[in-house]
Amino acid sequence: MLYALRKGPDCDGQAMTPRFGGQPERVLMLSKDPTLLSDRAGFGDTLARHIVYAERLQAERPGSELRIVTYSKKGAELQRLSPVKGLKIYGTQSRHRLFFGLDALACLRRVLADEWWPTVVTTQEPWEDGQLGLWLANRYGARFVPQLHFDLLSVDWLREHPLNWLKAFIARRTLKQASAIRVVSTVQKEKLVRSLSIAAERIHVIPVGVSFQPTAKTKALCKSALSKDLTGHPVVLFVGRLCTQKNLPLWVEVAYQVHAQVPDTRFVIAGDGHMRADIRQAVRARGLDAAFLFLGNVDYQDLPEVYGAADVFLLTSDYEGFGRVIVEAYLAGVSVVATICTGPEDIIVEGKTGYLCPTGDEEKLAEATLSLLQNPEKRSAFGRLGQQHVRDWFGRDRLTRLLIQLWTA
C-alpha cells in the first residue's frame, strides 16, 4: 500500500496532526551504532532509549513497530535482537563500515520478508544510509525523515578528512528531499534554513534524551572512589571520545593555565579514542602527569560517580551537534564551561548555569573555569540552576514524545 508524503508543522513545542486516523506505524530505521546489538552500554544508553521509543510508539499507536537495521561486525555473537514487543534489531554482519550500504540492502530481505512495508523511513546519518533510506521511502511510499546529530556545516568538520566534502555534498542533496528532518539543536536548524534554504517548518529540533540518574553519594565519596589522589582537590572533568572534534590539546592547555593559578586542581578524562597517545604526550610535555587521571572507557552505568566527583565540567570542542555530556553534567549538579560550537548554546544559560566561550579561545576558557573553581557558591548555584533547566527542557519523556509525534505526524 502506498501512503502519500506529508509534511507536518514543527514539533518544537507544537502539536502535530496525526496521520492515517491513528493507524499503526511501521518505522524502519537505518543506523551505524553497533551498541544497539550489545548488552554493554559504553558511553551511551542507546538500546535503552530505543526500547523506550518502541514502547511509546506502541502506546500511541497500538500495533506499531520499530525495526532497525544497524551496523554489526561479521562474526559478532549477537546479530538479531527483539528486546520488547514492537522492536526488532537486525545486524548487517559487515566486514567493514564501508560495506554498510550493501550489507544493509541484503539485511533488508530479512526485515521485509513478511511483507512488512515501512510507513516511515528514518536514518541516523544523511549520506550513504540517507541515500538508501530515501530510495526505500520512495519505493514504499513512506515518509523520509533523516536525522542530523552533528554540525554538517562546520568548517572544522569539513577540514578533518577529504571525504567529508563528498559526505557534505551527498547530505545536502539528501536533506533537501526529506519529508521532515530531525536535528538536535536550534543552531543546527538555523544553519540549515540559512545555508540550504530548507523551509523552517520541515526541520524539527528534538535533542537526544538521556536516562542519566545522578548518584546519591557525596562528592567527597565519589572522588575517593575514583582515586585517593582526588580527595580534597577540586576536579575538572571531561567525558567523551578522544578525537579531533573535541580539541583536547586545547583542553590540556586550559588545564595548564588553571593549574598555574590553582595548583591543587586535578583533571579527569573519561573516554578513549585515536588521540589518546597524543593527549597523554601533551600532558607530559606540560609537566601535568601528577595532576591528571585518565579513566579510559567507562560503562554508562558507572558514569554517575564520575560526574559526581567533578566540580567543573569543561568542553573545548570545535563543533558539536548537541552535547549530551553537558546535560549529564547538569543532571549531576555540576557547573559547565564550554565552547560556542553549535550544540552547547541550547543547553547553557550564559552567566546563570555556566559559561560559553569562543571556540579555540584558551584564555577565555581558562578564565571561566578559574572563576568557578575559585567561587564555590557560584559553582554550586550554577550547578543547581543547570540541573533544573535540563530537567525542564531535556527530559527523556518530553523528547521521546516529540520524536514519536514526528514519526506519526
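1. This note concerns a predicted model, and it opens with a lysine in a loop. K217 has a relative accessibility of 43%, so this residue counts as partly exposed. Its side chain meets that of E305 in a salt bridge, with 2.5 Å from N to O. The two residues belong to separate parts of the chain: K217 sits in the loop between strand 8 and helix 7 (219-226), whereas E305 is in helix 10 (residues 303-308), so the pair ties together parts that are 88 residues apart in sequence. E305 is also partly exposed, because its relative accessible area is 25%.

2. A lysine in another loop, K32, takes part in a salt bridge with E128, at 2.4 Å from N to O. Since K32 lies in the loop between strand 1 and helix 1 while E128 lies in helix 3, this contact joins parts that are 96 residues apart in sequence. The side chain of K32 also meets that of E125 in a salt bridge, here at 3.5 Å from N to O. E125 is found in the loop between strand 5 (120-123) and helix 3 (128-140), and K32 in the loop between strand 1 (26-31) and helix 1 (46-60); the two are 93 residues apart.

3. The student may ask how accessible these three residues are. K32 has a relative accessibility of 13% and therefore counts as buried, the cut-off for that class being under 20%. E125, at 23%, counts as partly exposed. E128 is likewise partly exposed, with a relative accessible area of 34%.

4. How many salt bridges does a search of the whole structure find? The search finds 16. Beyond the pairs described above, E65, R67, K88 and D114 are linked in a network of salt bridges. As a general principle, side chains of opposite charge can pair when their charged atoms come close.

5. The next point is a sheet. Six strands form an open sheet with parallel pairing, and their order is 11-10-9-12-13-14. Which strands stand at its edges? They are strand 11 (292-296) and strand 14 (354-357); each has a single partner strand, so one side of each is left without a neighbour in the sheet. On average, neighbouring strands of this sheet are turned by 20° against each other, direction ignored.

6. One pairing within the sheet may be followed in detail. Strand 10 (residues 266-270) pairs with strand 11 in the parallel sense over four bridges. In strand 11, L293 is the residue that stands opposite V268.

7. The nonpolar interior deserves separate attention. The largest nonpolar core has 89 residues, and those with the most contacts inside it are V239, W251, F292, Y307, F313, V337 and W407. Helix 8 (residues 248-261) supplies the largest share of this core, namely seven residues. Another core lies apart from it and has 39 residues, including L132, Y140, A168 and V205. In soluble globular proteins, nonpolar side chains tend to be buried together.

8. Finally, two backbone angles should be noted. Q93 is not a glycine, yet has a positive phi of about 55°. This residue lies in the loop between strand 4 (87-91) and helix 2 (100-111), and at 32% relative accessibility Q93 counts as partly exposed. S197, also a residue other than glycine, has a positive phi near 55°. S197 is placed in the loop between helix 6 (186-196) and strand 8 (203-205). Is S197 buried or exposed? Its relative accessibility is 63%, so S197 counts as exposed.

Conventions: Residues numbered from 1 in each chain as written. Predicted model: local features only at pLDDT ≥ 70, side-chain atom pairs only at ≥ 80, totals over all residues. Heavy atoms only, no water. Pairing = 2+ DSSP bridges. Axes fitted to C-alpha atoms, helices over the stretch in contact; angles between N-to-C directions. Buried < 20%, exposed > 50% of the residue type's maximum accessible area, 1.4 Å probe, protein only. Core = buried A, V, L, I, M, F, W, Y, C linked by side-chain atoms within 4.5 Å. Salt bridge = Lys/Arg side-chain N within 4 Å of Asp/Glu carboxyl O.
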